[in-house]
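Visitor: Could you pick one part of this model and take me through it closely? I would like to see how its pieces fit together and how it relates to the rest.

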Amino acid sequence: MPTKRVPELNELSPLILKVRRHLHRHPELSHQEHETAAFLADHLGRWGIEHTTGMAGTGVVAVIEGGAGDGPTVGIRGDMDALPIQEERQHSYRSTRSGVMHACGHDAHCAMVLGAAKILNSRRDALRGRIKIVFQPSEEVEPSGAEAMISEGVLESPHVDAMLGLHVFPHLRSGLVAIKPGPASAYADEFFIDVHGRGGHAGYPHLTVDPIVASAHVIIALQTIASRRTRPNDPVVVTVGRVMGGTAANVIPQTMRLHGTFRTLNPQVRDNVAEEIDRIAQGVANAHGATAEVKIEWGCPAIFNHVGMSEMLLGVGEQIVGEGNVARLPEALMGADDFAFYSQQVPSICFRLGTGNADKGTEFPLHHPRFDIDEDTLPIGTAVLVEVAQRLCSEGIPPEG
Ligand SMILES: [Zn+2]
Ligand SMILES: [Zn+2]
């Protein structure tokens, strides 16, 4: 029971739930989180927590100064953005904005981080060091909000010694607190392939170079990167997520555009896959008389979970939810999170909070139009953030491993 370690939750849990539902009803797309930021800042202000707004656009940063002597500065990240998805579930806190939905649980992240801020603020007299609350824009799209916050100095003055974050996770059962120590997520990079042909009449294909047929072959051939061109032991995903081109059934267009993402777990494989995408796209397009222009957009690096802090998290998690409800995950996931940018700069951990519960219909994957969380897990995530942050402040950052 999270309330055993963090009794403040007895009183605060209803507010955390209310915040989550308010944010769920009013989702905002990446880099447009103005109302979300104002809503969060308003709560911080009401509780007398010093904060600044407008970092990297809509970012909100608060500092809670401990009163029990010097110690580390521990940052806690909440991501604020929603996704361009039409929510399909019918519930009282359904999104009020057509085509926009918190389908990645960032509403829950903000609610839990806000709750943690209130509790840590009420404990500040007993707190060593300080807490920095970081609400960031745009986790979902480039340019990354985390990267922008870092370049605008979020990790400095005061310098952040360690960062904490969490992500809700429907594939783990409700209430499970889990972490993969070390490399924990994928490098996620994007590519654009413009396949140039020669347009014309659909009834006279021999007088054209059809970029749609050439693109179809490119799409299939790209799948051989994972199956034939990289070591079977190295996980690789190449996904073409958008195919754009054409205007009518009877017109062969000039150009097709493919837009995709590729995921890898190590930097060398990452470079190899980028080269293969370029080589295959050009070669296959040429084989059909077309040409390909390839642009790679380097995106988000992998999250590296500090091993010592991961162990600390598992220990704290055990005290909060019991031994059977914590898990050391054996492998990294092919998803990505721009929390990775913090983890490249300072010792960091981003843990996973299981929210999957088929009885409550919360087993749908992230980014699914029926995605939802088991709200009973909100106090658990909040409690873990509070207790780990406080432990780091009082004991300092543990050795790497
Ligand atoms: Zn997401
Ligand atoms: Zn997310």
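Guide: Angles here are taken between N-to-C directions, along lines fitted to C-alpha atoms, and run from 0 to 180 degrees. Keep in mind that this is a predicted model.

Let's look at the open sheet of four strands, ordered S10-S12-S8-S13 with antiparallel pairing. Its edges are S10 (236-245) and S13 (291-300); each has a single partner strand, so one side of each lacks a neighbour in the sheet. From one strand to the next, the twist averages 20°. At the S13 end, S8 (residues 187-196) runs antiparallel to S13 and is joined to it by eight bridges. One bridge to trace on screen is that of Ile193, whose partner in S13 is Val294.

Two helices lie across this sheet. H8 (residues 267-287) lies across S8, S10, S12 and S13, and runs at about 160° to S13. H6 (residues 211-222) lies across S8, S10 and S12 (255-264), at about 10° to S12.

The nonpolar side chains link this part to a wider picture. In soluble globular proteins, such side chains tend to be buried together. The largest nonpolar core has 66 residues, and Ile131, Phe135 and Leu164 have the most contacts inside it. Leaving aside residues up to four places away in sequence, Phe135 touches ten residues that include Leu40, Val60, Met80, Cys110 and Met149. Apart from that core lies another, of 25 residues, among them Val240, Leu258, Ala281 and Ala285. This is where our part comes in: Val240 falls within S10, Leu258 falls within S12, and Ala281 and Ala285 both fall within H8.

For context, turn to another open sheet, where eight strands with mixed pairing follow the order S1-S2-S4-S3-S5-S16-S6-S15. S1 (51-55) and S15 (326-328) are its edge strands, each pairing on one side only. Ignoring direction, neighbouring strands of this sheet are turned by 25° against each other on average. H11 packs on the sheet, touching S3 (73-79), S4 (130-136), S5 (162-173), S6 (177-179) and S16 (348-356), and its direction makes about 150° with that of S5. This helix has 18 residues (378-395) and spans 26 Å from first C-alpha to last, close to the 26 Å expected. H11 is largely enclosed by the rest of the structure, because 15 of its 18 residues are buried. Gly396 follows H11 and has a positive phi, near 85°.

At the S1 edge, four bridges join S1 to S2 (residues 59-65), and the two run antiparallel. Thr52 has Val61 as its bridge partner in S2. Three residues lie between the strands of this hairpin, where Ala56 takes a positive phi near 55°.

One last link brings us back to the four-strand sheet. Cys300 falls within S13, and its sulfur is the closest cysteine sulfur to that of Cys350, yet the 11 Å between them is too far for a bond. Cys350 counts as buried because its relative accessibility is 9%, under the 20% cut-off. Cys104 is buried as well, at 6%. The structure holds zero disulfides.

Conventions
Residues numbered from 1 in each chain as written. Chains lettered and ligands numbered in written order. Predicted model: local features only at pLDDT ≥ 70, side-chain atom pairs only at ≥ 80, totals over all residues. Heavy atoms only, no water. Disulfide = S-S within 2.5 Å. Buried < 20%, exposed > 50% of the residue type's maximum accessible area, 1.4 Å probe, protein only. Pairing = 2+ DSSP bridges. Contact = heavy atoms within 4.5 Å. Expected span 1.5 Å × (residues − 1). Core = buried A, V, L, I, M, F, W, Y, C linked by side-chain atoms within 4.5 Å.
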